[in-house]
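Work through the exercises below with the sequence and the coordinates open. Each task is followed by a solution in steps.

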Amino acid sequence: KECERKLRVCVATCNRADYSKLAPIMFGIKTHPDEFELEVVVLGSHLIDDYGNTFRMIEQDDFDISSKLHTIVRGEDEAAMVESVGLALVKLPDVLQRLRPDILVVHGDRFDALALATAAALMNIRILHLEGGEVSGTIDDSIRHAISKLAHYHACCTRRAEQHLIAMCEDHSRILLAGCPSYDKLLSPNHRDDYMDIIKSWLGDQGQECDYIVALQHPVTTDIQHSIKIYGLMLDALLSFNKKTLILFPNIDAGSKEMVRVMRKKGIEQHPNFRAVKHIPFEQFIQLVSHAGCMIGNSSCGVREAGAFGTPVINLGSRQTGRETGENVLHVRDADTQNKIYHALELQFGKRYPGSKIYGDGNAVPRILKFLRTIDLNESLQKTFCFPTVKDCISQDIDHILETQSALAIDLGGTNLRVAIVSIRGKIVKKYTLPNPKNHKDRMQLILKMCADAMRDSVCLNCRILGVGVSTGGRVNYQEGVVLHSTKLIQEWSSVDLRTPISDELHLPVWVDNDGNCAALAERKFGHGKGLENFVTLITGTGIGGGIIHDNELIHGSTFCAAELGHIMVSLEGPECSCGSRGCIEAYASGMALQKEAKRLHDEDLLLVEGMDMKLTEPITAAHLINAARLGNCKADAVLNKASTALAVGIINILHMVNPTLVILSGILASYYQAPVQHIISERALISTQNIKIVTSELEEPALLGAASIVLDYATRRLY
């Protein structure tokens with residue numbers, strides 16, 4: 001429904017950056033005086049001399065400023081930002097009461113914009129929020145999402161941002177996918193031919209196209225000290241790189257004062273290669289970015305507007321890492337050394353990339369004006385949210401009360417894939433086993449199918465699945481649910497995200513961990529480790545692995561390879577291990593190592609002894625070696641003594657390093673090794689550790705039970 005009178009639109013701008021997005025809309029509104037009445041409110045850093053008094057460019061653009069509000073409390077720290085929000089909230093009511101706008105247009109994620117949105121929402125003024133739904137990676141995200149929740153209407157820039165707003169329960173009919181208004185100017189066919197004059201006016205006569213750098217770095221308010229460190233490293237790298245550089249002062253966020261101090265300490269303002277400025281008019285700034293050899297820093301301009309020109313960009317730190325970018329952006333997330341930043345400059349400087357239109361196609365303003373025309377001022381001002389459908393339940397159900405809380409456990413073995421429904425008491429209610437496919441695609445499809453079958457069966461079995469736990473060999477980033485490097489038994493299984501596809505398919509939380517860690521967790525919840533704060537689990541199977549519980553916490557290590565117990569070296573010149581080293585416990589005492597020795601003895605006709613019943617076609621295994629030793633084969637007995645000694649020496653090293661209360665042997669060889677290992681420890685360990693017990697696990701399925709325990713501990717609010 002079209003409005004019968006002019007729509008009174010108030011555009012509030014807080015700084016040079018948001019004005020570049022708001023100005024095209026303001027010009028669009030101004031060209032339709034019969035439909036719209038424009039009011040302009042200026043606040044924030046626009047009115048501060050240190051930041052260029054940028055309100056003047058608004059006046060130069062021939063806009064009448066209805067109100068100027070001095071809202072910035074100086075100090076450039078966290079407290080000053082909070083005080084600035086408070087000061088804005090004190091001053092805004094008088095202005096909004098006087099202007100009485102039908103709709104207030106606010107942009108982005110600044111603390112000033114949060115004050116504007118808060119005041120307008122409390123005063124029953126409709127709010128149109130620009131650029132909601134985006135993710136950048138700092139406190140700005142929280143502010144941006146808070147403004148989105150206060151806003152009545154949204155004009156977003158990308159399809160992903162639109163989906164984020166919908167996921168945040170915003171009304172789809174009040175979300176406009178417009179694109180970024182600044183792109184209307186960037187993609188305009190009326191290109192300026194005087195760009196060389198602009199370059200020389202800011203960089204001097206030596207400034208040449210594609211042979212200079214634009215630098216713009218802002219503080220990250222959630223980690224100010226790290227921001228200052230990165231800023232100093234960036235300046236050092238730019239000094240070493242020795243190219244003409246146009247550097248803009250940081251914004252007014254907490255930490256900016258310290259960053260400027262770093263700049264001055266390094267003499268940047270006097271250096272012949274640098275031109276340090278507080279403000280550049282947007283039209284000239286985009287020309288400078290367009291023709292730069294590279295842009296560096298963490299400004300949103302680098303990941304947004306610069307992409308339209310294909311300008312190479314180096315984004316430092318975390319401030320913009322969540323944003324969608326074109327291929328022109330090289331992220332240096334851990335910008336912790338000057339050399340790393342310098343190398344990025346070497347890679348990016350002077351390149352050109354295809355232009356990107358992720359953030360707009362040049363037609364945002366017409367869409368926004370059309371959207372404004374559709375606003376019905378007679379509609380209720382009360383904002384509604386589109387929550388997902390939730391089944392109403394006012395009565396209890398006996399089946400729900402009697403449901404067994406359970407987990408779905410997956411064990412990714414080298415030979416078989418196993419899935420099980422495991423109850424909260426550790427009972428395996430139902431288990432599914434199928435051969436493990438050899439390639440990545442088939443393996444993933446089979447996992448999802450087996451999980452889907454188990455989920456269907458869980459209903460009939462009256463089990464409520466709380467989540468999915470995955471046990472797998474190799475090195476696992478348990479925080480991300482990614483297998484970083486797997487064992488040789490599972491090929492094509494590196495850098496594999498297991499969490500996302502399983503979670504997307506089953507709509508359940510998913511946890512992933514190494515099989516040795518899972519065995520330790522199984523013991524902690526269901527086995528010998530129950531109630532113990534410090535113990536070690538050692539798996540003695542095809543390979544050797546394990547997990548360490550210390551102070552009731554599972555130890556993962558800084559690179560997720562703690563408790564690689566099978567690769568403790570007990571000899572400098574021992575047999576070759578599957579890891580590529582020599583003398584590891586696994587090379588002596590694993591099932592594969594014993595099988596290798598059994599085959600060697602068999603090939604030399606030294607394995608069979610009287611009493612051994614063995615078919616000619618029967619494959620040689622570690623079991624034959626153990627059987628031969630029991631029947632008096634001295635060669636087999638010598639191999640097993642060496643294996644037991646190697647395992648015991650490795651465990652002694654563990655006892656001396658972490659001093660656990662208990663060591664639990666798990667796996668198919670555990671019962672054989674327990675007695676000889678305990679004996680060797682009693683002879684060779686320090687007196688203070690000789691009495692630590694070596695016990696054999698009584699759990700039949702430690703990998704599955706451990707995977708399930710992660711789910712059950714989390715889902716029942718226990719610590720993992």
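**Exercise 1.** Which residue is the bridge partner of His550 in strand 24?

*Solution.* The bridge partner of His550 in strand 24 is Glu553. Strand 23 (residues 544–550) and strand 24 run antiparallel and are joined by two bridges. Two strands pair if DSSP finds at least two bridges between them. Strands (E, at least two residues) and helices (H or I, at least four) are DSSP runs, numbered from the N terminus.

The model is predicted: local features need pLDDT of at least 70, side-chain atom pairs count only at pLDDT 80 or more, and totals for chains, interfaces and linings use all residues. Residues are numbered from 1 along each chain as its sequence is written, and side-chain values use heavy atoms, with hydrogens and water left out.

**Exercise 2.** Place strand 24 in its sheet and find the helix that lies across strand 26.

*Solution.* The sheet is open, has five strands in the order 24-23-22-25-26, and shows mixed pairing. Strand 24 (553–554) and strand 26 (693–696) are at the edges with a single partner strand each, so one side of each has no neighbour in the sheet. Helix 24 (residues 670–684) lies across strand 22 (535–540), strand 25 (662–666) and strand 26, at about 175° to strand 26. Such angles run from 0 to 180 degrees between N-to-C directions, with axes fitted to C-alpha atoms, for helices over the stretch in contact.

**Exercise 3.** Describe the sheet with the order 16-15-14-17-21 and the helices on it.

*Solution.* This open sheet of five strands has mixed pairing. Its edge strands are strand 16 (428–435) and strand 21 (510–514), each pairing on one side only. Neighbouring strands are turned by 20° against each other on average, direction ignored. Helix 18 packs on the sheet and touches strand 14, strand 17 (463–472) and strand 21, its direction making about 150° with that of strand 21. Contact means heavy atoms within 4.5 Å. Helix 19 (residues 515–526) lies across strand 17 and strand 21, at about 105° to strand 21.

Within the sheet, seven bridges join the antiparallel strand 14 (residues 404–412) and strand 15 (residues 416–423). Ala409 stands opposite Ala420 in strand 15.

**Exercise 4.** Is Arg304 buried or exposed?

*Solution.* Arg304 is found in the loop between helix 12 (300–303) and helix 13 (305–309). Its relative accessible area is 1%, so Arg304 is buried (under 20%; exposed is over 50%, partly exposed in between; 1.4 Å probe, protein chains only). Leaving aside neighbours within four places in sequence, its contacts include Glu131, Glu134 and Tyr359.
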